[in-house]
Amino acid sequence: MYRFFKPLLFSLSAETAHRITVMLLDAAAAFPPTKALLRRWYTSPDPSLARTVMGLRFPNRVGLAAGFDKNGEHIQGLACLGFGFIEVGTVTPLAQEGNPQPRLFRLPADRALINRMGFNNEGLEALVGRLKKLRETGAPEGIIIGGNIGKNKITPNETADNDYIQCFEALFPWVDYFVVNVSSPNTPNLRALQEKEPLTRLLNTLQKSNRQKLIPKPILLKIAPDLSNEQLNELAEIVQKTGLAGIIATNTTISRENLHTKNTEIEAIGAGGLSGAPVRARSTAVVKLLREKIGTDLVIIAVGGIDSPEAAQEKFNAGADLVQVYTGLVYEGPALIRSINEKS
Ligand SMILES: Cc1cc2nc3c(=O)[nH]c(=O)nc-3n(C[C@H](O)[C@H](O)[C@H](O)COP(=O)(O)O)c2cc1C
């Protein structure tokens, strides 16, 4: 099915293609016969795929990575594609436009994307409103929803904790787990929050609120693949000391090494985070290093360059509990989810 649409979608700008894809998906999911067809094609209802991780029952180990459904607008449609979990966001307290377009680019020769979206999103209130409505109708059945939280571009790092706490508090009743995103390369200075002092303060602040809840929820930290091994070790210690549930490894990279796409083309695209096949090896190495460092106590969700069951298996072998996909979906279509579930 996707093979039929892909040439058409690839003839459009990447952001327009994304908009059309989710529009078609929403339309198909709103009409019971096509919804049933989607579910039949793409879901794997095998109960042996289910896993309990962080105290949550995931129907399977394959999730949708953050950034695909930033505003929680397409959960019903995405739920028909066989995901075990969907991570919405990154959401910021206030709506923001993100960077000017074009800001999303395909690199077909590398099966990759470069994006500098810049946390474009409709803001916390809009996301909470949608999730509340969905939850109140009991949808989507059985799928775990994660909330990926960030800070507004205009918020200085010194007061960033307030943005994260605001997102955490407002989303708390509506998501199953949280992800603290301090690793996007597209919000100026955001990645400085990965440094020891600000990160410890931020995570302690969030955990303090979390522990005051009747039933605290798992919080994970999403990290960049560009950190040195020494920085990764330090981060792992911070995550352990602050009592987080785990780590999501990794976000996009600012590296442009070993690409097949022409240099002139890469230079013309400019700044942004690279995702897809070129980030696969480093993401796997990060997962492996973290697993060796932290043992089995913490959860690792692996993301980066998963575009086949073999690529997913590589992440599980490195120590991942769960995996997520984004760029692989663009190149392979939704059948990727089922094939990972059935073959890895
Ligand atoms: C267009 C685009 C937007 C993204 N937006 C976010 C985001 O808002 N928050 C986030 O944590 N990660 C975001 N990511 C990163 C992905 O969640 C993922 O970590 C990364 O792309 C590596 O996985 P992949 O190779 O499967 O794409 C985005 C990625 C892409 C391609």
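Colleague: Which residues of β9 point one way and which the other, and are they buried or exposed?

Modeller: In this predicted model, Ile219, Leu221 and Ile223 point one way from β9, Leu220 and Lys222 point the other way, and all of them are buried. A residue is called buried if 20 or more other C-beta atoms lie within 10 Å of its own, and 5 of the 5 residues of β9 (219-223) are buried, so the strand is described as mostly covered.

Colleague: What makes β8 and β9 a pair?

Modeller: Two strands pair if at least two bridges are found between them, and 4 bridges join β8 (residues 177-181) to β9, so the two count as a pair, and they run parallel. One of the bridges can be followed by residue: Val180 has Leu221 in β9 as its bridge partner.

Colleague: How do you know which strands stand at the edges of the sheet β5-β6-β11?

Modeller: Its 3 strands form an open sheet in that order, with antiparallel pairing. β5 (104-107) and β11 each have a single partner strand, so each has one side left without a neighbour in the sheet, and this is why they stand at the edges. Neighbouring strands here are turned by 25° against each other on average, direction ignored. β5 and β6 are joined in the antiparallel sense over 4 bridges, and the bridge partner of Leu104 in β6 is Asn115.

Colleague: Why is Asn120 called partly exposed?

Modeller: Buried begins at 20 neighbours and exposed means 12 or fewer; Asn120 has 19 C-beta neighbours inside 10 Å, so it counts as partly exposed. Asn120 lies in the loop between β6 and α5 (124-136), and, leaving aside residues up to four places away in sequence, it touches Lys70, Gln96, Glu97 and Gly98.

Colleague: What puts the buried residues of α13 on the same side?

Modeller: In helix α13 (residues 335-343), Leu336, Ile337, Ile340 and Asn341 are buried. They cover an arc of only 130° around the axis, which is why they lie on the same side of α13. These buried residues pack against α3 (32-42), β3 (62-64), α11 (309-318), β13 (322-325) and α12.

Colleague: Which residues come nearest to the ligand, and which elements each supply at least two residues of the shell around it?

Modeller: Of the 27 residues around the ligand, Ala65, Gly67, Ser275, Tyr326 and Thr327 come nearest, while β6 (112-115), β11 (273-276) and α12 (327-332) each supply at least two residues of the shell. By kind, the shell divides into 11 nonpolar, 14 polar and 2 charged residues.

Methods. Residues are numbered from 1 along each chain as its sequence is written. This is a predicted model: local features need pLDDT of at least 70, side-chain atom pairs count only at pLDDT 80 or more; totals for chains, interfaces and linings use all residues. A residue is near a molecule or strand if its C-beta atom, placed from the backbone, lies within 6 Å of it. Ala, Val, Leu, Ile, Met, Phe, Trp, Tyr, Cys and Pro count as nonpolar, Asp, Glu, Lys and Arg as charged, and the others, Gly among them, as polar. Axes are lines fitted to C-alpha atoms, for helices over the stretch in contact, and angles run from 0 to 180 degrees between N-to-C directions. The arc is that of the directions from the helix axis to the C-beta atoms. Two residues are in contact if their C-beta atoms, placed from the backbone, lie within 7 Å.
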